[in-house]
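Here's a walk through one protein chain, from its overall build down to a few individual residues. Keep the viewer open while you read.

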Amino acid sequence: MEIALNSGFKMPVIGLGVWRMEGKDIKDLLFNAIKIGYRHFDCAADYKNEAEVGEALAEAFQTGLVKREDLFITTKLWNSDHGHVVEACKDSLKELQLDYLDLYLVHFPIATRHTGVGATASALGDDDVLDIDTTIPLETTWHAMEDLVSMGLVRSIGISNYDVFLTRDCLAYAKVKPAVNQIETHPYFQRDSLVKFCQKHGICVTAHTPLGGAVANTEWFGSVSCLDDPVLKGLAEKYKKTVAQIVLRWGIQRNTVVIPKSSKLERLEENFHVFNFELAKEDMDLIKTMDRKYRTNQPAKFWGMDLYA
């Protein structure tokens, strides 16, 4: 249930993403998730709920529900804080009420106009297009991330939403290799070349949006989820599992970490129970034929430009 990172630490192969979780629901969700067995929680400054997550974690520790060392907590550097990495990390630690992070990621490979540490609204210009800061190279950002490790604020550092080229560049200038690249990947967007490149070079791939976004991305971006695909429904019947369980098991058997998001108790339980079966090789091969190169998470909706273009 854990994967070894190049930093020497271990990361649970399934976690709970807290994107779009409302403050009032977070405590119950985290407590229920911990009781089910989740030990890995994926946060971000941009999710605007670090304070609520921090309150829930503090109570979980105080009541003895779980110990700090039993959990793996990730959060992320927002685009507008590339020139303020240490301050941004310390701000997240304060919000989360933690002494250290297990993993800190560069959320997107783009620096935007600084709007103040803790402020994560998209930095748009008068033309409603993202204000990109062309004075801060990703190399500078990465070396500041490395400082966090030597300062003891962060155990592992990584990247998110980096393609093959940017990942390769990061390896070229890194003194501390990225431990993780968190990317969108699911049966409709398999990104086999990127996954292979990262794994070949000792970088763990974490799949955000591992279920293809489901209802959340349909609401925000109008995208289609793979959970309705008849091939996956057929496999769910074959293994007597849900479609989501089939997709998560596929992700785990690719040696990726999966962080599905759910706010429903029955889904939390369902998503976690994927260790009592294994997909046969022919079914892994079948899912491999489903790739549509179809991205469901499209921040261009908010940024006035497509950074993936």
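Two residues count as being in contact here when they have heavy atoms within 4.5 Å of each other. One more thing before we start: what you're looking at is a predicted model.

## The whole chain

Let's begin with the inventory: the chain has 12 helices and 10 strands. Its radius of gyration is 19 Å, close to the 19 Å that the globule rule gives for 309 residues, so the chain is as compact as a globular protein of that length. Along its principal axes, the C-alpha trace spans about 55 × 50 × 35 Å.

Of the 309 residues, 54% are buried. If you take the contacts between residues at least 6 apart in sequence, 75% of them join residues at least 24 apart.

## Surface and charge

The chain exposes about 13600 Å², and carbon and sulfur atoms supply 51% of that area. As for charge, there are 35 positive and 43 negative side chains. The centres of those two sets lie 6 Å apart.

## Helix 6, a helix with two sides

Now zoom in on helix 6, residues 192–200. Which of its residues are buried? They are L194, V195, F197 and C198. These residues cover an arc of only 165° around the axis, which puts them on the same side of helix 6. There's a simple rule behind that sort of pattern: an α-helix has 3.6 residues a turn, so residues three or four places apart point the same way.

Flip to the face turned away from the buried side and you'll find the exposed residues S193, K196 and K200. What do the buried residues of helix 6 pack against? Their partners are helix 5 (164–173), strand 8 (180–184) and strand 9 (204–208). Just after helix 6 comes G202, with a positive phi of about 75°.

## The loop leading into helix 6

Step back to the loop between strand 8 and helix 6, and you'll find Q190 there. Is Q190 buried or exposed? Its relative accessibility is 4%, so Q190 counts as buried, the cut-off for that being under 20%. Leaving aside neighbours within four places in sequence, Q190 is in contact with T185, V195, W250, R254, I287, K288, M290 and D291. One of those partners, V195, is among the buried residues of helix 6.

R191 is found in this loop between strand 8 and helix 6 too. At 17% relative accessibility, R191 counts as buried. Its phi is near 50°, a positive value in a residue other than glycine.

## R295 and its contacts

R295 sits in the loop between helix 11 (281–288) and helix 12 (300–303). This arginine is buried, with a relative accessible area of 16%. Not counting residues up to four places away in sequence, R295 touches E184, F189, R191 and Y308. So which residue links this section to the loop before helix 6? R191, a contact of R295, is found in that loop between strand 8 and helix 6.

For a sense of distance, try Y47: R295 and Y47 are 248 residues apart along the chain, and their C-alpha atoms are separated by 20 Å.

## D128, out in the open

Finally, have a look at D128, in the loop between strand 6 (101–106) and helix 4 (138–150). D128 is exposed, with a relative accessible area of 53%. Its phi is near 65°, again a positive value in a residue other than glycine.

How values were computed
Residues numbered from 1 in each chain as written. Predicted model: local features only at pLDDT ≥ 70, side-chain atom pairs only at ≥ 80, totals over all residues. Heavy atoms only, no water. Helix = DSSP H or I, 4+ residues; strand = E, 2+ residues; numbered from the N terminus. Rg over C-alpha atoms; globule rule 2.2 N^0.38 Å. Buried < 20%, exposed > 50% of the residue type's maximum accessible area, 1.4 Å probe, protein only. Areas by Shrake-Rupley, 256 points an atom, 1.4 Å probe, with all protein chains shown as cover. Lys, Arg positive; Asp, Glu negative; His and termini not counted. Charge placed at Lys NZ, Arg CZ, Asp CG, Glu CD. Arc of directions from axis to C-beta.
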